[in-house]
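Please open the structure in your viewer and keep the selection panel at hand. The tour proceeds from one selection to the next.

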Amino acid sequence: MNYISTRGQTSPHTFTQAVEAGLAPDGGLFLPDHLPSIADKLSSWSVLSYPALASEFFQIFAPEISADEWTALTAEAYSRFDSPDVAPLRKLDDKTFVLELWHGPTLAFKDFALQLLGLLYKRQVKQSGKTLAVLGATSGDTGSAAIHGCMGQEGIQIFILYPHGRVAPLQERQMACTGASNVYAIPVPGFFDDAQRVVKECFADSGFVSRHHLSAVNSINIARVLAQCVYYIWAWLRLPESARSKVEFVVPTGNFGNVLAGWLAQQMGLPIDSFRVATNQNDILHRFFSTGEYRQEEVHPSHAPSMDIQAASNFERYLYYMLREQPDRVREVMAQMKSGTPIHLPHVSSSFRSSRMTDAQIERCIAEVWRQHGYVIDPHTACGFTDMRPDATSVVLSTASPAKFPDVVTQATGNEPTHPTLDALKALPLVTHPLEATAAAVKEFIASHS
Ligand SMILES: *Cc1c(COP(=O)(O)O)cnc(C)c1O
């Protein structure tokens with residue numbers, strides 16, 4: 001299995017090379033060169049534990065890492081989850097299930113990929129004998145999940161930039177209260193885009209990148225997408241057999257990484273009937289799936305901040321398949337998008353539906369699900385609880401623990417959600433390294449700390 005770029009101007013990479021590179025050198029995103037069928041494996045996979053299933057799946061996609069090594073990597077990656085099922089599937093009623101993806105160390109689904117990615121970085125350090133400086137920008141969840149994937153790993157320093165005063169207080173604590181000496185939480189003035197710009201400028205200095213073995217942690221690494229395919233398979237196998245034939249997965253969506261993983265699993269033969277792309281008021285993807293037009297607008301901050309996105313970075317991977325795997329067409333369309341021209345796509349897969357929710361609807365929805373099912377959901381998950389298919393079983397992906405968003409949830413249910421991990425954080429000292437939002441300041445900091 002090799003990995004190719006959506007833009008067609010990168011030589012084939014192995015899995016480990018593609019993981020190490022992150023972004024393809026031609027500016028595109030890596031994808032497997034073919035999608036193998038998993039349909040005939042499903043029945044034997046139904047008896048496996050979550051880590052064992054992940055190991056079997058990754059052995060197909062990265063055969064250069066041995067089966068024994070995959071078994072050890074996945075066992076370690078999912079050992080810090082606080083549920084024996086890792087991703088428990090809860091039944092709310094006969095037609096509605098919730099897949100809880102927030103039992104990892106930072107209580108959001110990004111731990112599924114970033115716990116594993118941290119271990120793949122560690123493996124890389126061990127094999128190359130070179131230390132690694134991991135750099136990224138975050139609006140909250142990705143940064144904390146990346147930090148928890150890398151903290152305490154020998155040979156790795158991790159630097160995460162975030163907009164000062166603009167991430168949720170608990171998210172900042174998850175980044176800045178680890179006590180780990182290889183973690184640097186760096187608030188910078190401005191918005192997420194400013195932090196992101198500084199990170200991009202650091203990576204544009206190729207001499208600096210190679211001197212410090214700088215590695216990007218962001219939402220487009222192919223390892224992240226593949227790690228997320230696993231829980232769709234896991235969830236489908238946990239459904240009652242009578243429900244499996246017509247299932248819709250409902251996915252709270254921002255950068256399109258999570259739902260893309262499900263769609264890829266479907267393309268490999270997992271019998272999923274449909275997906276619903278659930279957005280908040282930042283509804284570029286809802287507009288796209290309902291009209292075929294992809295038109296960027298301004299971002300409006302919402303109750304579901306991890307979905308406050310108007311340029312879905314993983315969308316290019318879907319575009320590649322919609323454009324019938326023609327990289328020339330992908331380059332054309334991406335250039336058009338970059339210039340701000342809205343694009344129209346004729347071949348949208350019929351597997352996708354979409355929905356949108358305003359903040360007021362999110363609040364009402366959390367209250368309603370609590371009243372009806374006695375079950376508490378977070379504002380991201382809430383975006384999924386609308387417009388259920390009457391003729392199918394729905395599996396709603398719950399992407400974060402309600403305890404991460406106490407204000408909105410308390411207002412909606414009257415009870416403050418708590419979690420022991422977060423309670424413990426409140427007592428720990430906050431250690432941050434504030435810097436100016438310039439590449440010069442950040443490069444100097446990295447040079448003196450790696
Ligand atoms: C990142 C995130 C999302 C959006 O996922 P994408 O893969 O970017 O579509 C949704 N909910 C939560 C809680 C998140 O952290």
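Select Glu172 first, and display what surrounds it: leaving aside neighbours within four places in sequence, Glu172 is in contact (heavy atoms within 4.5 Å) with Tyr162, Val167, Leu430 and Thr432. This is a predicted model, in which local features need pLDDT of at least 70 and side-chain atom pairs count only at pLDDT 80 or more, while totals for chains, interfaces and linings use all residues. Residues are numbered from 1 along each chain as its sequence is written, and side-chain values use heavy atoms, with hydrogens and water left out.

Now colour helix α7, residues 169–176, where Glu172 lies; helices are DSSP runs of H or I with at least four residues, numbered from the N terminus. Glu172 is buried (under 20% relative accessible area, 1.4 Å probe, protein chains only). Glu172 has no salt bridge (a side-chain nitrogen of Lys or Arg within 4 Å of a carboxyl oxygen of Asp or Glu). The nearest side chain of opposite charge, Arg173, is 7.1 Å away from Glu172; here Lys and Arg count as positive and Asp and Glu as negative, with His and the chain ends not counted.

Next, select Asp359 in helix α15, residues 359–373. Which residue has the nearest side chain of opposite charge to Asp359? It is Arg356, 9.4 Å away, and the buried Asp359 has no salt bridge. Apart from residues up to four places away in sequence, Asp359 touches Gln281, Pro301, Ser302 and His303.

Finally, turn to the cysteines. The structure holds 0 disulfides (pairs of cysteine sulfur atoms within 2.5 Å). For Cys150, the nearest cysteine sulfur is that of Cys202, 17 Å away. Cys150 counts as buried because its relative accessibility is 2%, and Cys202 is buried at 0%.

How values were computed:
Buried means under 20% relative accessible area, exposed over 50%, partly exposed in between (1.4 Å probe, protein chains only). Helices (H or I, at least four residues) and strands (E, at least two) are DSSP runs, numbered from the N terminus.
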